[in-house]
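Got your viewer open? Load the model, put it in cartoon view, and we'll walk through it one selection at a time.

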Amino acid sequence: MQGLRHDRSMHAYPPPATHGLATRQRVMADAQALGVPADYGRTRQLRPMREPARLTFVGLDTQCRPAWLRPAAAAAFARMRRAAASEDIDLLVVSAWRSFEYQLGIIRQKRERGLDMEAILKASAAPGYSEHHTGRALDIGMHGYPHLEEAFDESPAFAWLQRHAGRFGFELSYPRHNRHGITYEPWHWCWHAGR
Ligand SMILES: [Zn+2]
């Protein structure tokens, strides 16, 4: 039954195309033109990320958009979600894979709203450097708690993730006072192969 449902979902949402290094280079140049410092990666201790060759559907996100992860991360997330559900914890997908272009759009919109680049880069990784590009990272939410806000760390979902996510290969990427100077993000979890 579950397999059937999964197949139908795959039919309804063909996987989006992913992009290679030429696109990343162009997007990074565009980001620099918007004000991302040329030495961003070095000073933040962040490495450029790659988009995966393939993406697997992981359900709809909280805005009813199809959400995607790379196949191994998608399988690990499905297992983790089932385990959480068995304890009445419903892990919501707020955001999963994001393309280089999409991340550039986020930065551009914030610039257009008048935010300065330093403030933008505390909350969002520069295009090319976001873990979301890799299809291994996702932002998780829970009903009754604000999405993408620190208060998510008071949710039962966060408590559950802290106890169990490691077992499924997921780690919190940006704890408090992380070395990248990125705001504490209790919602952002990344899957690492072999952990
Ligand atoms: Zn995130």
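Start with the whole chain: for 195 residues, a compact globule would have a radius of gyration near 16 Å, and this chain has 17 Å, which agrees. Keep in mind as you look around that this is a predicted model. Line the view up with the principal axes, and the C-alpha atoms fill a box of roughly 50 × 35 × 35 Å.

Now colour by secondary structure. You should find seven helices and six strands. Reading from the N terminus, the elements go α-α-α-β-β-α-β-α-α-β-α-β-β. Try colouring by burial too: 34% of the 195 residues count as buried. And if you draw the contacts with a separation of 6 or more, 71% of them link residues 24 or more positions apart.

**Stop 1: a helix with two sides**

Select residues 21–34. This is helix α2, with 14 residues, and it reaches 20 Å from its first C-alpha to its last, close to the 20 Å expected at 1.5 Å a residue. Show the side chains of Arg24, Val27, Met28 and Ala31: these are buried. Turn the view until you look down the helix axis. The buried residues of α2 fall within an arc of 105°, so they line one face of the helix.

What do those buried residues pack against? Select residues 100–112 as well: that is α5, and the buried residues of α2 pack against it.

Then swing round to the other side of α2, where Ala22, Ala29 and Ala33 are exposed. Take alanine 22 as an example: it has 8 other C-beta atoms within 10 Å, and 12 or fewer counts as exposed. For a distance to try in the viewer, pick the C-alpha atoms of alanine 22 and arginine 111: they are 89 residues apart along the chain and separated by 24 Å.

Before you leave, click on what follows α2. That's glycine 35, and its phi is positive, near 120°.

**Stop 2: two unusual loop residues**

Next, select the loop between β1 (56–60) and β2 (66–69), and find cysteine 64 there. Check its backbone: cysteine 64 has a positive phi of about 65°, although it is not a glycine. Is cysteine 64 buried or exposed? Cysteine 64 is exposed, with 7 other C-beta atoms within 10 Å.

Move along to the loop between α4 (71–85) and β3 (92–95), where aspartate 88 is found. Here's another positive phi on a residue that is not a glycine: for aspartate 88 it is about 60°. Aspartate 88 has 8 C-beta neighbours inside 10 Å, so it counts as exposed.

**Stop 3: the four-stranded sheet**

Time for the sheet. Which strands make it up, and in what order? The order is β3-β4-β6-β5, in an open sheet of four strands with antiparallel pairing. At the edges you'll see β3 and β5 (170–172), each pairing on one side only. Tilt the sheet to see its twist, which averages 45° from one strand to the next.

Let's cross it strand by strand:

- Begin at β3, which pairs with β4 in the antiparallel sense over three bridges. Select valine 93, and its bridge partner in β4 is isoleucine 140.
- Step on from β4 to β6: these two run antiparallel and are joined by three bridges. Pick aspartate 139 and you'll see it stand opposite histidine 188 in β6.
- Finish with β6 (residues 188–191) and β5, an antiparallel pair with three bridges. Here phenylalanine 170 stands opposite tryptophan 191 in β6.

**Stop 4: a strand covered on both faces**

Go back and select β4 alone, residues 137–141. This strand is mostly covered, with five of its five residues buried. A handy thing to know here is that side chains in a regular strand alternate between the two faces of the sheet. Now look at each face of β4 in turn: Ala137, Asp139 and Gly141 are on one side, while Leu138 and Ile140 are on the other. Both faces are covered, and all of these residues are buried.

To end, show β4 and α2 together and compare them: α2 has exposed residues on the side away from its buried ones, whereas β4 is covered on both faces.

Note on methods:
Residues numbered from 1 in each chain as written. Predicted model: local features only at pLDDT ≥ 70, side-chain atom pairs only at ≥ 80, totals over all residues. Expected span 1.5 Å × (residues − 1). Buried ≥ 20, exposed ≤ 12 C-beta atoms within 10 Å, placed from the backbone. Arc of directions from axis to C-beta. Contact = placed C-beta atoms within 7 Å. Pairing = 2+ DSSP bridges. Axes fitted to C-alpha atoms, helices over the stretch in contact; angles between N-to-C directions. Rg over C-alpha atoms; globule rule 2.2 N^0.38 Å.
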